[in-house]
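Visitor: Could you take me through the ligand site in this one, and the space beside it? I'd like the cut-offs as you go.

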Amino acid sequence: MNITVTPALHRKNPRPPESDLGFGTYFTDHMFLMDFSRDKGWHHARIEPYGPLSLDPAAQVLHYNQEVFEGTKAYLQPDGGIALFRPDKNIERMNTSAVRLAMPTIEPDDFLEAIKAIVLIDKDWLPISEGTSLYIRPTFISTEASLLVKPSDTYLFYIILSPVGSYYKEGMNPTRIYATDEYVRATRGGAGAVKTSGNYAPTLVAAGEAMSRGYTQVLWLDSAEQKYIEEVGTSNIFFLIEDELVTPPLGGTILPGVTRDSVIQIAKHWKLKIVERPITIDEVIHGTQNGHLKEVFAAGTAAVISPVGTIGYRGKDYIVDEVQIGALSQKLYDEITGIQYGRREDPFGWRIKIA
Ligand SMILES: *Cc1c(COP(=O)(O)O)cnc(C)c1O
């Protein structure tokens, strides 16, 4: 792939202080772009100064939402280099997502080359404080000006970068989550397993209501019976029941998280009992009462591992593990971040050094 580079004449200055980065608020100096048309295929790979896109008001993505995105990070290494974490999984997932939305796929080698190129050109944006990283947001949209409900004939793939702060500035804090039986996130046969923008807007009202009642996230239940647990906010979920780690199986309504897969592989490597099986909200509530439920944690790229201390359901709160940070949650967090930041051995070959 031939990438044309137009360097930014003015680098953003001053840079935000690392203590104020937060998540996804600041963007770097450049972006990667590439076009697709039916006759030319993918073409015109380029890096340009970060800036607004020009879209026709009839662009298909704005009306019918043929859009998929990804989220992964670049991490500073002890030797001053830069590493990615399992980018092949994000690339594979974005292509699977694209196929579900009748969009073309992207050659995985070109995709990885694009990520490397944009991260390297803006590598001085990689924050250096403990727990910070450079968030990578590949985005893929349909651009044809047409109000017909049909797959677009033209697309834009772009990658933007955002320096992000440490998720745990004051240390891990167990969250309060609310299991809703009023709203659902995904239905069988739908697009719940796809990282597409259309899955998120309908969750905002539910999240807002949970927040107004003092919870941080929504715990999603299945759409058919509101009985089985699916995932939490934009993370997957795990339960430690006695000595067995349980997570809901991927069945099309749950996002197949890279962190979820990493937790499963590490648990197997550690010879823990790990099972993917349906788990009901009733089983979890009973587990908080009879003491069998030892830990609950969410798993996702943003927070890596996020312990859950309280589960709200039908107006009542149920306490997990005395709102402590569970030992396994902490151990998994240390292991995964240890691999990402190059502090630990990487027996799985997940760390991809790019500088
Ligand atoms: C991105 C996402 C996840 C977590 O996936 P990771 O690859 O681990 O970051 C889980 N659920 C939803 C709905 C998501 O959007």
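Guide: Here's a walk through the ligand's surroundings and then the enclosed space in the protein. Before that, some ground rules: this is a predicted model, where local features need pLDDT of at least 70, side-chain atom pairs count only at pLDDT 80 or more, and totals for chains, interfaces and linings use all residues. Numbering runs from 1 along each chain as its sequence is written, and side-chain values use heavy atoms, with hydrogens and water left out.

Around the ligand there are 14 residues, and those that come nearest are Lys195, Tyr200, Glu231, Thr259 and Thr301 (a residue is near if one of its heavy atoms lies within 4 Å of the molecule). By class, that shell holds 3 nonpolar, 7 polar and 4 charged residues. Here Ala, Val, Leu, Ile, Met, Phe, Trp, Tyr, Cys and Pro count as nonpolar, Asp, Glu, Lys and Arg as charged, and the others, Gly among them, as polar.

Now for the polar contacts (pairs of N or O atoms within 3.5 Å; within protein, one must be able to donate a hydrogen and the other to accept it, and residues adjacent in sequence count only if both atoms are side-chain atoms). Tyr200 has a side-chain N or O atom 2.4 Å from a ligand oxygen. For Thr259, a polar side-chain atom sits 2.6 Å from an oxygen of the ligand, and the side chain of Thr301 likewise puts an N or O atom 2.6 Å from a ligand oxygen. As for cover, the protein takes up 96% of the 380 Å² of accessible area that the ligand has on its own (Shrake-Rupley method, 1.4 Å probe; for residues, only the protein chains shown count as cover).

On to the enclosed space. A cavity is a set of points, on a 1 Å grid over the protein atoms alone, where a 1.4 Å probe fits but cannot get out; lining residues have an atom within 4 Å of a point. Points are joined across faces, edges and corners, and the volume is the space filled by probe spheres set on them. The count is 1 cavity of 30 Å³ or more, and the largest cavity has a volume of about 70 Å³. Thr259 and Thr301 turn up again in its lining, along with residues including Lys73, Tyr75, Phe85 and Gln340. Strand S5 (72-76) gives the largest share of that lining, 3 residues (strands are DSSP runs of E, at least two residues, numbered from the N terminus). By class, the lining divides into 3 nonpolar, 6 polar and 1 charged.

Definitions and conventions. On a 1 Å grid over the protein atoms alone, a cavity is a set of points where a 1.4 Å probe fits but cannot get out, and a pocket is an open set with protein on both sides within 12 Å along at least five of seven lines; lining residues have an atom within 4 Å of a point. Helices (H or I, at least four residues) and strands (E, at least two) are DSSP runs, numbered from the N terminus.
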